[in-house]
Amino acid sequence: MAAEKMNGGNDDVKNKMCSHHPDRKFDMVCITCKDEPICRKCISTTHIKHTCAEMEGYYDTKKDSFLRLVQKADAKVKGMNGKMKRLKKLQDQNQKTIDETVNEVKVRGRELKSKIDKVTENLIDECKSIGTKNDDAMAKLEETLEKSMNDLKQTIQKCKIVIGCEKFEEYALMERNLRSQVLRKAEQLPVLSTPSLSSNVENSSCEQLQNAYGSLSKKDWRLDKMGMSEEDFTPVVNQPAQKPAKLFTVSVLASFELSAQKYIRSVWPVDEHKSWVICGGSNEAHLVSAKGDMVQTSKVDEGVWITDVTCTADESKTMVCCGDGTIREILPSGDCKTMFHTECYANSLSEAEQEGCVTVCRHREQNLVRATFKGKIMQTINFGADGKPLFCKPVCIRVNRSNGDMVVLEANSPRHVVVFDKDLNLLTRYQGNGEYLGEHDENGSDQDEFQPWDVCFDRQGNIMIADGRTKSLILVDRHGQTIRTLFDDDIGPTCMGMCKNGDMWVGFDYGNVKVIRFANTS
């Protein structure tokens, strides 16, 4: 096979005669001299003590290496394209924040009548100036990213042409050019400012008026956390991490991509053939078949994001929680009916152990609430049985209906998984590979080695974790001991749900969904 390849593009090189030894044909390559074709006699003369290789086979190996580099470059383009999409989303989010703050300033200005016209004007100008600076910074970054991506695409295309034509004499130059672009340091992401209105305490009449009106406060809004906002909890995977030993044999039963191509935020299998699927930043819930066909689509109000979905054990209710704090039921007709309001942003929900109750995760309030389906609050959870805080920023809740165990994803650094029983006794804090954190730490490094994006219980009461860092599903017991890696993929899983027969629906970025089966699952 190698000989057949050689007879293609580099026959011309092989048939040429050596310039130093005219009676010899090229049949070797001098690696020291940047892949210069030579003859065997050159090894003991002009290229003595150089590193050389047989021409036959060397270019095949070189081609394989070059192809892998091109594939890596293609993957980088895909990542840059995803970053540009998130950047455009942040631009809209920035404008929305600015518009809301400007509106708040105007409303308060009308309440205080003409005395505060000057203050109103100054605050609005300052707020708009912040927004303009943010837009300018992001536009500059977008332009830089687009130029870098286009340059890389052009280089990739040229490399593919060189490979296709098997112009081996150009490999070294083109490979160095492509490698330098692939290894080029990523552009520095700017730090934005987001305005909010706060009050001051002063004594003079003018200062009292300013106090009553309020002033703009700013906090850094770092773009290196793109996709990590409370509404857009998207994984960022950029460092390798050690995985537990993988023992299960996995079969991919189905794989499809939703047309929206957004990351999958939540899945809840109805059975082995259908599942509810929620995309990030969407007001729609899709009931999707294992073939990727849309069976039903349910919508909530425009501008309201659905953050999670669950079904009751008896399958009588399908419920979603929304960014406006409402818990809604998806009716058989496809309409959504509001069940109750939690009064603040709802990240996640899960049917409680008690019949007729649901547990809702509210990270802004730093707590969970257990409520009836009519909205009566039965319990607020933020402290364990020992009186110590269980979490600071809970973003996902799952309840084991069989024994009442609860598992919470803690987004405060270092990110980890909190497991406690129905009596609020802390069982473990899991931070990957069985590491136990001990007491809860509110301050930690920004460089998390463990990135849990979703959790669920299996039929034995163990905990399955979607880890963005290792791009895998990890199985641990209720005390935090790592059992094994169940499944890994080229892109990190963002959510998952288990069918009654043990099959798993797993959501990924770019609208990808897979249905998998573990051969060893009983």
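A residue counts as buried when its relative accessible area is under 20%, and as exposed when that area is over 50%. By this reckoning, 49% of the 522 residues of the protein chain are buried in this predicted model. The chain exposes about 25,600 Å², of which carbon and sulfur atoms supply 47%. It contains seven helices and 29 strands, and among its contacts with a separation of 6 or more, 52% are between residues 24 or more positions apart.

**A four-stranded sheet**

Strands of a sheet pair through backbone hydrogen bonds, either parallel or antiparallel. In this chain, an open sheet of four strands follows the order 19-20-21-22, and its pairing is antiparallel. Its edges are formed by strand 19 (394-399) and strand 22 (426-430), each of which pairs on one side only, and neighbouring strands of the sheet are turned by 15° against each other on average, with direction ignored. Strand 19 is joined to strand 20 (residues 406-410) by five bridges, and P394 stands opposite E410 of strand 20.

**Rings and charges**

The structure holds three aromatic pairs, and two of them are described in the table.

| Aromatic pair | Centre to centre | Angle between planes | Arrangement |
|---|---|---|---|
| F391 and F420 | 6.4 Å | 45° | tilted |
| Y430 and F450 | 5.5 Å | 85° | edge-to-face |

The pair of F391 and F420 links distant parts of the chain, since F391 lies in the loop between strand 18 (377-381) and strand 19, while F420 belongs to strand 21 (residues 416-420), 29 residues apart. Both of these phenylalanines are buried. The pair of Y430 and F450 likewise links distant parts of the chain, with Y430 in strand 22 and F450 in the loop between strand 22 and strand 23 (452-457), 20 residues apart. Y430 counts as buried because its relative accessibility is 1%, and F450 is buried with a relative accessible area of 2%.

Charged side chains also meet aromatic rings: K78 lies over the face of Y510, at 4.9 Å from the ring centre, and the charged end of K514 sits over the ring of F508, 5.6 Å from its centre.

**Two residues with positive phi**

Most residues other than glycine have a negative phi. K34, although not a glycine, has a positive phi of about 60°, and D35, also not a glycine, has a positive phi of about 65°. K34 is found in the loop between strand 1 (28-30) and strand 2 (36-38), and D35 is found in the loop between strand 1 and strand 2 as well. Their accessibility can be set side by side: K34 is exposed, with a relative accessible area of 63%, whereas D35 counts as buried at 13% relative accessibility.

Technical notes: Residues are numbered from 1 along each chain as its sequence is written. This is a predicted model: local features need pLDDT of at least 70, side-chain atom pairs count only at pLDDT 80 or more; totals for chains, interfaces and linings use all residues. Side-chain values use heavy atoms; hydrogens and water are left out. Helices (H or I, at least four residues) and strands (E, at least two) are DSSP runs, numbered from the N terminus. Buried means under 20% relative accessible area, exposed over 50%, partly exposed in between (1.4 Å probe, protein chains only). Two strands pair if DSSP finds at least two bridges between them. Axes are lines fitted to C-alpha atoms, for helices over the stretch in contact, and angles run from 0 to 180 degrees between N-to-C directions. Contact means heavy atoms within 4.5 Å. Accessible areas come from the Shrake-Rupley method with a 1.4 Å probe; for residues, only the protein chains shown count as cover. Rings of Phe, Tyr and Trp (its six-membered ring) pair if their centres lie within 6.5 Å; planes under 30 degrees apart count as stacked, over 60 as edge-to-face and the rest as tilted. A charge sits over a ring if NZ of Lys or CZ of Arg is within 6 Å of the ring centre and within 35 degrees of the ring normal.
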